[in-house]
Amino acid sequence: MQTITLKVEDSVSEKFLWLLKHFDEKEISIIDKDKYLSDDEYLRSIPGMTESIIKASNEPIEKYVTADKLDW
């Protein structure tokens, strides 16, 4: 699942939220509509994410994979 952060103009926010609410919760869920989180703040809010990033950054360079080799 992807997480997307959007800034929505006040004049259309009510219509936009109405549209989102018409999707199944398994398809789209509103994480937090009142507070903006930077990518860094969001990642730090996920339990274990900081430790995982630190662990990955300490991996030997031989284990690194370039973006073109990733299977997205």
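I4 sits in the segment before α1, the helix that spans residues 10–20. In this predicted model, I4 is exposed, with 60% relative accessible area. Look across to D39 and you'll find its C-alpha atom 9.8 Å from that of I4, although 35 residues separate the two along the chain.

**Overall build**

- The protein chain has three helices and zero strands, so its radius of gyration is worth a look next: the value is 17 Å, well over the 11 Å that the globule rule gives for 72 residues, so the chain is more spread out than a compact globule.
- Going along the sequence, the pattern reads α-α-α.
- Boxed along the principal axes, the C-alpha atoms of the protein chain take up roughly 50 × 25 × 20 Å.

**Surface and burial**

- How much of the protein chain counts as buried? Just 1% of its 72 residues do.
- The accessible surface of the chain adds up to about 7,300 Å², and carbon and sulfur atoms account for 55% of that area.
- I4 is one residue on the exposed side, because its 60% relative accessible area lies over the 50% cut-off.

**Salt bridges**

- The count of salt bridges comes to two.
- One of them pairs R44 with D40, with 2.9 Å between the closest N and O atoms.
- Why do R44 and D40 lie about one helical turn apart? Both belong to helix α2 (residues 39–45), and they are four residues apart in it, so about one turn separates them.
- The two partners differ in exposure class: R44 is exposed at 54% relative accessible area, whereas D40 is partly exposed at 44%. The cut-off for exposed is over 50%, which is why R44 makes it and D40 doesn't.
- The other salt bridge joins the side chains of D68 and K69, at 4.0 Å from N to O.
- Here both residues are exposed: D68 has a relative accessible area of 61%, and K69 comes in at 60%.

**Charges**

- The protein chain carries 10 positive and 16 negative charges.
- Take the mean position of each set, and the two points are 1 Å apart.

Conventions: Residues are numbered from 1 along each chain as its sequence is written. This is a predicted model: local features need pLDDT of at least 70, side-chain atom pairs count only at pLDDT 80 or more; totals for chains, interfaces and linings use all residues. Side-chain values use heavy atoms; hydrogens and water are left out. Helices (H or I, at least four residues) and strands (E, at least two) are DSSP runs, numbered from the N terminus. Buried means under 20% relative accessible area, exposed over 50%, partly exposed in between (1.4 Å probe, protein chains only). The radius of gyration is taken over C-alpha atoms; the globule rule is 2.2 Å times the number of residues to the power 0.38. Accessible areas come from the Shrake-Rupley method with a 1.4 Å probe; for residues, only the protein chains shown count as cover. Lys and Arg count as positive and Asp and Glu as negative; His and the chain ends are not counted. The place of a charge is taken as NZ of Lys, CZ of Arg, CG of Asp or CD of Glu.
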